[in-house]
Amino acid sequence: MQNKHPAADVRLITKTELCRRLAASEASIDRWLRSDPSFPQARRLASGSIRWLGEDVVRFILELKHVAYEDHGFDPTGTMGTEDM
């Protein structure tokens, strides 16, 4: 049996991919990097080349607080009539 290198399963993502995963703009990512210490920090590969560890991003997303969302105009069952809104 071969031993896997510890970095074999590490997934690095670009800022573009980070924006896509978080549905956020680059400006929002930059703001969160400056203001939120829990936001995943980038790793520098070379001059001008930064990446994020995919597992850090997933962990950050899973640790976000759940919020109650009450959109009374949204009916997931499709049973409300327009007179109920």
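Two strands are taken to pair if DSSP finds at least two bridges between them. On that basis, the predicted model contains an open sheet of three strands in the order β1-β3-β2, with antiparallel pairing. The strands β1 (12–13) and β2 (43–46) stand at the edges. Each has a single partner strand, so one side of each is left without a neighbour in the sheet. Between β2 and β3, the antiparallel pairing runs over three bridges. Ala46 has Ser49 in β3 as its bridge partner. Arg43 has Arg51 in β3 as its bridge partner. The hairpin of β2 and β3 has two residues between the strands, and Gly48 in this hairpin takes a positive phi near 80 degrees.

Ser49 belongs to strand β3, which spans residues 49–53. Is Ser49 buried or exposed? The relative accessible area of Ser49 is 17%. The cut-off for buried is under 20%, so Ser49 counts as buried. Leaving aside residues up to four places away in sequence, Ser49 touches Arg43 and Arg44. Arg43 is thus named twice here: Arg43 touches Ser49, and Arg43 is the bridge partner of Arg51. In a regular strand, side chains alternate between the two faces of the sheet.

The sheet is one part of the fold. The secondary structure of the protein comes to three helices and three strands. Along the sequence, these elements follow the pattern β-α-α-β-β-α. The protein has 85 residues, of which 24% count as buried. Among contacts between residues at least 6 apart in sequence, 35% join residues at least 24 apart.

Helix packing was examined for α1 and α3. Helix α1 covers residues 15–22, and helix α3 covers residues 54–62. The two pack at an angle of about 20 degrees, with their axes 12 Å apart. That angle makes α1 roughly parallel to α3, because angles under 35 degrees count as roughly parallel. The crossing of α1 past α3 is right-handed. Which residues of α1 and α3 meet? From α1 come Leu18, Arg21 and Leu22. From α3 come Gly54, Val57, Val58 and Ile61. By class, the contact of α1 with α3 has five nonpolar, one polar and one charged residues. Gly counts as polar and Arg as charged.

Helix α1 also has a set of buried residues. These are Lys15, Glu17, Leu18, Cys19 and Leu22. Leu18 and Leu22 are buried in α1, and both take part in the contact with α3. What covers the buried residues of α1? The cover includes β1, α2, β3 and α3. Strands and helices are therefore both included in the cover of α1.

The residue that follows α1 is Ala23. Ala23 lies in the loop between α1 and α2 (26–35). The phi of Ala23 is positive, about 50 degrees, although Ala23 is not a glycine. Most residues other than glycine have a negative phi. Is Ala23 buried or exposed? At 74% relative accessibility, Ala23 counts as exposed, because the cut-off for exposed is over 50%. Positive phi values thus appear at Ala23, after α1, and at Gly48, in the hairpin of β2 and β3.

Technical notes
Residues are numbered from 1 along each chain as its sequence is written. This is a predicted model: local features need pLDDT of at least 70, side-chain atom pairs count only at pLDDT 80 or more; totals for chains, interfaces and linings use all residues. Side-chain values use heavy atoms; hydrogens and water are left out. Axes are lines fitted to C-alpha atoms, for helices over the stretch in contact, and angles run from 0 to 180 degrees between N-to-C directions. Helices (H or I, at least four residues) and strands (E, at least two) are DSSP runs, numbered from the N terminus. Angles under 35 degrees count as roughly parallel, over 145 as roughly antiparallel, 65 to 115 as roughly perpendicular and the rest as oblique. A crossing is left-handed if the near helix is turned anticlockwise from the far one by less than a right angle, and right-handed if clockwise. Contact means heavy atoms within 4.5 Å. Buried means under 20% relative accessible area, exposed over 50%, partly exposed in between (1.4 Å probe, protein chains only).
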